[in-house]
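Work through the three exercises below with the model open. Each task is followed by a stepwise solution.

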Amino acid sequence: MTSELNDALVRTWVTGWARTHDYDVDHAGSVHSALRSGDSDEWEYVLYAPDEADLQKVIAEVTKSPRRLLTLIAEPGDVRLKDSLNGLERISDEEKLMAVDMDTQDVEDPITPEGYSTTRDDHDGWTLFTVLDGDTVAARGRVAIVDEHAILDRIYTNPSHRRQGLGTFVTRALVAIALEDDVEIGLLVANAEGLELYEYLGWTLLGDVYVYGSPDSDRTRPSHSQFDDLKGQA
């Protein structure tokens with residue numbers, strides 16, 4: 001099965017991404033929103049090919065707070081996207097939305113690398129998979145199931161354990177977990193560092209991810225692709 005970038009697919013990715021972060025999520029037509037932190041004002045609005053009315057409405061919402069973000073997902077190489085949008089500055093353009101046909105992936109659990117152990121924690125609609133070196137988190141990742149889609153997220157390798165194949169191992173383990181359900185398509189957002197790995201594992205590019213925010217924002221923006229601070233998170 002092949003994937004086509006459209007609003008329904010973006011809605012699915014937002015739903016799964018928000019679920020693994022425990023964000024509140026809202027879908028209003030083509031505007032998909034996630035509240036990134038409890039009772040704060042950290043709304044992120046995600047759109048694909050929005051009409052001008054929706055785009056201007058969301059820009060107006062984002063400009064109300066320096067802690068809000070606008071994320072646009074576009075066809076690869078779309079040259080129409082600008083460095084700024086009505087006072088919002090583009091603060092990220094390196095991430096890519098990728099997909100894979102799950103029928104092409106290995107259903108078997110991968111072999112744990114020597115010297116490491118693993119844990120699996122199942123939550124409501126998503127799973128955390130962790131690789132341990134003793135008591136130290138060496139790598140981890142999360143996967144959420146949304147209808148027939150598996151959304152992989154927060155795949156991270158501790159800098160002290162890189163170049164050990166753990167990124168590949170975690171990705172394959174998350175795919176095997178997802179294939180316990182009747183899923184057809186895998187989705188994830190990759191940064192420039194992870195792009196080559198995912199292409200090697202059979203993932204293909206669907207769209208470019210652009211993030212806009214207030215030029216006055218003093219907030220460090222977590223990545224959509226490989227963020228995990230490893231500070232005791234469940």
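**Exercise 1: a loop glycine**

Glycine 165 has a relative accessible area of 41%, which makes it partly exposed. The model is predicted.

Task: Place glycine 165 in the chain, then give its C-alpha distance to aspartate 24.

Solution.
1. Glycine 165 sits in the loop between β10 (149–157) and α3.
2. In sequence, glycine 165 and aspartate 24 are 141 residues apart.
3. In space, their C-alpha atoms are 33 Å apart.

**Exercise 2: the two sides of α2**

Task: Find the buried residues of helix α2 (residues 52–62), and say what covers them.

Solution.
1. Apply the cut-off: buried means under 20% relative accessible area.
2. Leu55, Val58, Ile59 and Val62 are the buried residues of α2.
3. Their arc around the axis is only 105°, so they lie on the same side of α2.
4. The face turned away from that buried side carries exposed Ala53 and Lys57.
5. The cover over the buried residues includes β2 (31–35), β3 (43–48), β4 (69–74), β5 (84–85) and β6 (88–101).

**Exercise 3: α3 against α4**

Task: Describe how helix α3 (residues 166–178) packs with helix α4 (residues 192–200).

Solution.
1. Two packed helices are described by the angle and the distance between their axes.
2. The axes of α3 and α4 come within 11 Å and cross at roughly 55°.
3. Therefore α3 is oblique to α4.
4. The crossing is right-handed.
5. From α3, Gly167, Thr168, Thr171 and Arg172 meet Leu197, Tyr198 and Tyr200 of α4.
6. These contact residues divide into 3 nonpolar, 3 polar and 1 charged.

How values were computed:
Residues numbered from 1 in each chain as written. Predicted model: local features only at pLDDT ≥ 70, side-chain atom pairs only at ≥ 80, totals over all residues. Heavy atoms only, no water. Buried < 20%, exposed > 50% of the residue type's maximum accessible area, 1.4 Å probe, protein only. Helix = DSSP H or I, 4+ residues; strand = E, 2+ residues; numbered from the N terminus. Arc of directions from axis to C-beta. Contact = heavy atoms within 4.5 Å. Axes fitted to C-alpha atoms, helices over the stretch in contact; angles between N-to-C directions. Parallel < 35°, antiparallel > 145°, perpendicular 65-115°, else oblique. Left-handed = near helix turned anticlockwise from the far one by under 90°. Nonpolar A, V, L, I, M, F, W, Y, C, P; charged D, E, K, R; others polar.
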